[in-house]
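Student: Could you walk me through a few features of this model? I want to learn how to read them.

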Amino acid sequence: MIQQEITTPITVLAYDELSPEQRRLVDLAREYTGHSYAPYSHFCVGAAIRLGNGEIVCGANQENAAYPSGTCAERSACYSAGARFPGVGIESIAIAARGTDGQFTPLPCAPCGACRQALLEYETLAGHDVEVLLVGRESVYRLPSIKSLLPLAFTEIG
Ligand SMILES: [Zn+2]
């Protein structure tokens, strides 16, 4: 028998410890929580993606009365990036959320499983790790890659 262990490296940073580029993404992710359409969950999520060409594409969760028809902020952003700049790899993504009280979540909000799977494919297409910044009220969790969020992932292209 061989026992293995999977670990996820997380760097906890204060806003002041972020680089100017990271702060820009964090600020936009927070701003785009205001672009959310979440009349059902009242959980507003924003995402900001920096691409290899320097462009930043943002997204917000979009809900629908036909519940599964909506999409999360992360997929809203990465699908928009893919449509606007096909073939340009993602460099980093920041994600922020406001809860039902309208305040930013105290702890960083992490992507759902479906978003992790979708983002992983974009990371694979990019050919390099995609930095992940999960934004909380007081701190930011930095993860080195999407695959660190989804170990043992299903992939057909990797
Ligand atoms: Zn999601």
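Student: Is E123 buried or exposed, and which side chain of opposite charge is nearest?

Tutor: Buried means under 20% relative accessible area, exposed over 50%, partly exposed in between (1.4 Å probe, protein chains only). A salt bridge needs a side-chain nitrogen of Lys or Arg within 4 Å of a carboxyl oxygen of Asp or Glu. Lys and Arg count as positive, Asp and Glu as negative; His and the chain ends are not counted. Here E123 is buried without a salt bridge, and K147, the nearest side chain of opposite charge, is 4.1 Å away. The model is predicted: local features need pLDDT of at least 70, side-chain atom pairs 80 or more, while totals for chains, interfaces and linings use all residues. Side-chain values use heavy atoms, leaving out hydrogens and water, and residues are numbered from 1 along each chain as its sequence is written.

Student: Where is E123 placed?

Tutor: In helix α3. Helices (H or I, at least four residues) and strands (E, at least two) are DSSP runs, numbered from the N terminus.

Student: Which protein donors does the zinc ion have?

Tutor: Donors are N, O and S atoms within 2.8 Å of the metal (3.2 Å for Na, K and Ca); water is not among the atoms, so sites may look incomplete. The zinc ion has C72 (SG), C112 (SG) and C115 (SG), 2.3 Å from it. C72 lies in the loop between β3 (56-60) and α2 (73-84), and C112, 40 residues apart from C72, in the loop between β4 (90-98) and α3 (113-126). C72 is partly exposed at 22% relative accessibility; C112 is also partly exposed, at 33%.
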